[in-house]
Amino acid sequence: MPFTLPELPYPHDWLEPYIGRETMELHHGKHHQAYVTNLNNLTAGTDLENKPLEEVCRLTFGDPSKASIFNNAGQHWNHCLFWRVMKRGGGGKPGGELLKRIEHDFGSYEAFAEQFKTAAVTQFGSGWAWLSLDGDRLKVSKTPNGENPLVHGMRPILGIDVWEHAYYLDYRWRRPDYVAAFLNHLVNWEAVEEELHNALA
Ligand code: ZN
């Protein structure tokens with residue numbers, strides 16, 4: 001099987017009280033696992049099965065006959081980033097080069113946070129909000145379902161899952177509270193800075 005579920009970088013209860021153990025067990029062990037299983041089943045025996053995940057996303061995006069492959073490949077990539085960019089005791093304002101770039105491109109951290117929150121809260125239905133490198137500028141965007149900024153030529157360095165499976169057990173209908181908790185308590189800015197450096201390399 002070419003595509004595999006990555007281990008979580010922390011225990012299931014590590015992000016409590018902001019994301020509960022049950023959410024993490026289902027989200028990682030059931031939802032993410034299902035995307036990986038589906039992707040393996042859908043690509044088995046095709047020329048996509050041994051391609052890098054990002055290439056599978058780009059090659060299948062926008063092709064109606066490959067929509068199922070794209071949805072599962074996109075969701076696999078999106079969740080891999082999502083687990084990496086959270087940690088216990090995270091959130092708040094970043095530092096280093098990332099903060100400098102955020103201040104340069106958005107005016108201030110607060111202005112960035114406002115744009116990111118708005119994108120996450122206003123994504124109608126399932127989807128994601130992102131911070132990406134677009135050329136040499138940081139940009140906030142949102143995408144529906146399994147879509148991501150990769151397929152629009154950008155490099156995502158932070159993403160929040162706003163599918164209901166990501167927050168409904170902990171926050172019910174209160175998506176804004178989940179998004180606020182993510183920014184204030186969960187973002188692993190060191191990991192985001194690492195993503196930024198990889199994107200610039
Ligand atoms: Zn999810």
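Strand 3 (residues 155-161) is mostly covered, with 6 of its 7 residues buried. The model described here is predicted.

**The sheet**

Strand 3 belongs to an open sheet of 3 strands in the order 2-1-3, with antiparallel pairing. Strand 2 (137-144) and strand 3 stand at the edges and have a single partner strand each, so one side of each lacks a neighbour in the sheet. From one strand to the next, the twist averages 20°. Strands of a sheet pair through backbone hydrogen bonds, in either a parallel or an antiparallel way. The two pairings in this sheet are listed below.

| Strand pair | Sense | Bridges | A residue of strand 1 and its partner |
|---|---|---|---|
| Strand 1 and strand 2 | antiparallel | 8 | Trp-128 and Thr-143 |
| Strand 1 and strand 3 | antiparallel | 6 | Trp-130 and Gly-159 |

Strand 1 covers residues 127-134. Helix 5 lies across strand 1, strand 2 and strand 3, and runs at about 15° to strand 2.

**Helix 5 and helix 7**

Two packed helices are described by the angle between their axes and the distance between the axes. For helix 5 (residues 109-122) and helix 7 (residues 175-186), the angle is about 145° and the axes are 10 Å apart. Their crossing is right-handed. On the helix 5 side, the contact is made by Tyr-109, Phe-112, Ala-113, Phe-116, Lys-117, Ala-120 and Val-121. On the helix 7 side, Arg-175, Pro-176, Val-179, Phe-182 and Leu-183 take part. By class, this contact has 10 nonpolar and 2 charged residues, and no polar ones.

**Aromatic residues**

A pair of aromatic rings is described by the distance of the centres and the angle of the planes. The count comes to 14 aromatic pairs. One of these is the stacked pair of Phe-82 and Phe-182, at 6.1 Å centre to centre and with 20° between the planes. Phe-82 lies in helix 3 (residues 67-84) and Phe-182 in helix 7, so the pair ties together parts that are 100 residues apart in sequence. Both Phe-82 and Phe-182 are buried.

The rings of Tyr-171 and Tyr-178 have their centres 5.8 Å apart and their planes at 55°, so this pair is tilted. Tyr-171 counts as buried because its relative accessibility is 8%, and Tyr-178 is buried with a relative accessible area of 2%.

One aromatic cluster is formed by Phe-82, Trp-83, Phe-106, Tyr-109, Phe-112, Phe-116, Trp-128, Trp-130, Phe-182 and Trp-189. Among its members are Tyr-109, Phe-112 and Phe-116, which also belong to the helix 5 side of the contact with helix 7.

Notes. Residues numbered from 1 in each chain as written. Predicted model: local features only at pLDDT ≥ 70, side-chain atom pairs only at ≥ 80, totals over all residues. Heavy atoms only, no water. Axes fitted to C-alpha atoms, helices over the stretch in contact; angles between N-to-C directions. Helix = DSSP H or I, 4+ residues; strand = E, 2+ residues; numbered from the N terminus. Left-handed = near helix turned anticlockwise from the far one by under 90°. Contact = heavy atoms within 4.5 Å. Nonpolar A, V, L, I, M, F, W, Y, C, P; charged D, E, K, R; others polar. Buried < 20%, exposed > 50% of the residue type's maximum accessible area, 1.4 Å probe, protein only. Pairing = 2+ DSSP bridges. Phe/Tyr/Trp six-rings, centres within 6.5 Å; stacked < 30°, edge-to-face > 60°.
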